[in-house]
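Subject: The structure we talked about

Hello,

Here is the structure I promised to pass on. Please have a look at it first, and then read my notes below.

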Amino acid sequence: MICDLSAAPHVDLQAAHALAGMANELKLQGVGMQVIEARASVRDMLRGDLQGPDLDEYVEGRLLTTTLEKAQNWARGNAMWPATFGLA
């Protein structure tokens, strides 16, 4: 079985574990699985090369924390249609 990840810029931990589990189940049935076109960070995640501080850095680089008020203000400021649109 070939798993093409060319359209996946990122794979999270859950997806990496799911792919590894699927590969193990297929192996038990005598079916091989090959991942192709994975980007460097995805390959590292699937191989298990990212552990400890490297894994922490990978995850932290993809997290965003904010307050609800800041998120609402950002949404209002970047809305395609302001809240007053269409109100009479």
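Does Val-31 count as buried or partly exposed, and at what relative accessibility? Val-31 counts as partly exposed, because its relative accessibility is 33% and the partly exposed class runs between under 20% for buried and over 50% for exposed. Please keep in mind that this is a predicted model.

As for its place, Val-31 sits in the loop that links α1 (13-28) to β2 (34-36). On the surface, Val-31 joins Met-1 and Met-22 in a nonpolar patch. Together, these residues offer about 220 Å² of accessible area.

Now for the chain as a whole. It has four helices and two strands, and reading from the N terminus the order is β-α-β-α-α-α. The chain has 88 residues, and 15% of them are buried. Its accessible surface comes to about 7300 Å², with 56% of that belonging to carbon and sulfur atoms. I also looked at contacts with a separation of 6 or more: 72% of them are between residues 24 or more positions apart.

Ile-36 gives an example of residues that are separated in sequence and meet in space. This residue is part of strand β2. Ile-36 touches Ile-2, Cys-3, Asp-4, Leu-5 and Ser-6, leaving aside residues up to four places away in sequence. Take Leu-5 from that list: Ile-36 and Leu-5 are 31 residues apart along the chain, yet their C-alpha atoms are 6.2 Å apart. Even with these contacts, Ile-36 is partly exposed, at 29% relative accessibility.

Finally, there is a charged area to look at. Which residues form the negative surface patch? They are Asp-54, Asp-56, Glu-57 and Glu-60. Of these, Asp-54 belongs to helix α3, which covers residues 53-60. Asp-54 has a relative accessible area of 44%, so it is partly exposed.

That is what I have for now. I hope the notes help as you look through the model.

Best wishes

Definitions and conventions: Residues are numbered from 1 along each chain as its sequence is written. This is a predicted model: local features need pLDDT of at least 70, side-chain atom pairs count only at pLDDT 80 or more; totals for chains, interfaces and linings use all residues. Side-chain values use heavy atoms; hydrogens and water are left out. Patches are made of residues with over 30% relative accessible area and no salt bridge: like charges are joined within 9 Å, nonpolar side chains (Val, Leu, Ile, Met, Phe, Trp, Tyr) within 5 Å. Accessible areas come from the Shrake-Rupley method with a 1.4 Å probe; for residues, only the protein chains shown count as cover. A salt bridge is a side-chain nitrogen of Lys or Arg within 4 Å of a carboxyl oxygen of Asp or Glu. Lys and Arg count as positive and Asp and Glu as negative; His and the chain ends are not counted. The place of a charge is taken as NZ of Lys, CZ of Arg, CG of Asp or CD of Glu. Buried means under 20% relative accessible area, exposed over 50%, partly exposed in between (1.4 Å probe, protein chains only). Contact means heavy atoms within 4.5 Å.
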